[in-house]
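Reader: I am in my first year and find it hard to know where to start with a fold like this one. Could you begin at a single residue of your choice, look at it closely, and then lead me from there into the parts around it, step by step?

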Amino acid sequence: MSRVFSEGEGIVRREILDGREWMAYPVQVAADDGVTLATYLHQGTQLAFGGGDFRWGIHPWAAFEPYWQSEGVLQVQRAGDGYSVWARRSGDAFDGWYVNFQEPLRRTEAGYDTLDQELDLWIPGDGSPYRWKDVADFEERARSGGFTAEEAASVRAAAREVEELIASGDCWWEKWRDWSKPAGWDVPAPVAVGEARAATAHG
């Protein structure tokens with residue numbers, strides 16, 4: 001049985017590529033009911049990157065300062081979904097939803113594991129049409145063998161699912177639009193790659 005995390009708890013989000021940590025960083029739990037996990041990535045959070053050879057190379061963010069430089073974001077995801085939805089804000093103003101296609105979360109004792117799968121979708125907060133992002137990069141990675149046929153197919157299926165949710169108005173993430181970081185929350189301590197090697201929990 002997977003552990004349910006407590007509000008305010010600090011946990012670790014890891015991206016696992018080739019069976020190893022490609023990137024890891026700490027987040028703070030906004031809510032968790034065992035199905036939907038909402039976490040907050042603070043501005044200024046230190047990012048850690050795995051070394052050695054990866055089939056996709058070193059993480060692209062490793063070329064920049066190893067901190068989350070944008071404003072803090074709420075990251076919301078549900079068990080089994082091949083995507084997470086990030087609420088982007090500019091100060092008190094809500095900008096929109098950034099849909100990050102990724103492997104379904106796998107809970108660990110220390111947090112959860114996933115892997116960003118290149119494709120993204122931007123849903124403006126003002127109701128204007130959504131826009132796909134990084135489509136060419138995703139298709140090139142699929143063409144060149146960076147994804148298996150099954151992985152590429154799962155991303156495309158998740159993309160269709162999100163489009164159908166938007167078309168039907170069943171945007172389950174909208175309940176989080178007005179969420180704001182509680183007073184007293186602060187940037188969590190850094191996590192080094194390799195510190196959170198807890199065995200993946202079942203479920």
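Author: Let us start with Asp18, which is partly exposed, since its relative accessible area is 37%, and let us keep in mind throughout that this is a predicted model. Asp18 has a positive phi of about 55°, although it is not a glycine, and its place in the chain is the loop between β1 (10–17) and β2. A similar description fits Asp134, whose phi is near 60°, again a positive value in a residue other than glycine. Asp134 sits in the loop between β11 (131–133) and α1, and with a relative accessible area of 29% it is partly exposed as well.

From Asp134 we can step into helix α1, which covers residues 135–143 and whose axis comes within 9 Å of the axis of α2, the two crossing at roughly 155°. Angles over 145 degrees count as roughly antiparallel, and α1 and α2 are therefore roughly antiparallel to each other. Their crossing is left-handed. On the side of α1 the contact is made by Phe138, Glu139 and Ala142, while α2 brings Ala152, Val155 and Arg156 to it. Sorted by class, these contact residues are four nonpolar and two charged ones, with no polar residue among them.

Helix α2 now leads us to the interior. The largest nonpolar core holds 34 residues, and within it Leu74, Tyr83, Trp97, Val99, Phe101 and Trp173 touch the most other members. Two or more residues of this core come from each of the strands β2 (20–32), β3 (36–41), β5 (73–78), β6 (83–90), β7 (93–102) and β10 (116–124), and also from the helix α2 (149–168). The largest share, six residues, is given by α2. We have thus also returned to β2, the strand that follows the loop in which Asp18 lies.

To see how one member of this core is surrounded, consider Val99, leaving aside residues up to four places away in sequence: Val99 touches Tyr83, Ser84 and Val85, then Leu119, Asp120, Leu121 and Ile123, and finally Val162. Apart from this largest core lies another one, made of 16 residues, including Met23, Val27, Leu41 and Tyr98.

Notes: Residues numbered from 1 in each chain as written. Predicted model: local features only at pLDDT ≥ 70, side-chain atom pairs only at ≥ 80, totals over all residues. Heavy atoms only, no water. Core = buried A, V, L, I, M, F, W, Y, C linked by side-chain atoms within 4.5 Å. Buried < 20%, exposed > 50% of the residue type's maximum accessible area, 1.4 Å probe, protein only. Helix = DSSP H or I, 4+ residues; strand = E, 2+ residues; numbered from the N terminus. Contact = heavy atoms within 4.5 Å. Axes fitted to C-alpha atoms, helices over the stretch in contact; angles between N-to-C directions. Parallel < 35°, antiparallel > 145°, perpendicular 65-115°, else oblique. Left-handed = near helix turned anticlockwise from the far one by under 90°. Nonpolar A, V, L, I, M, F, W, Y, C, P; charged D, E, K, R; others polar.
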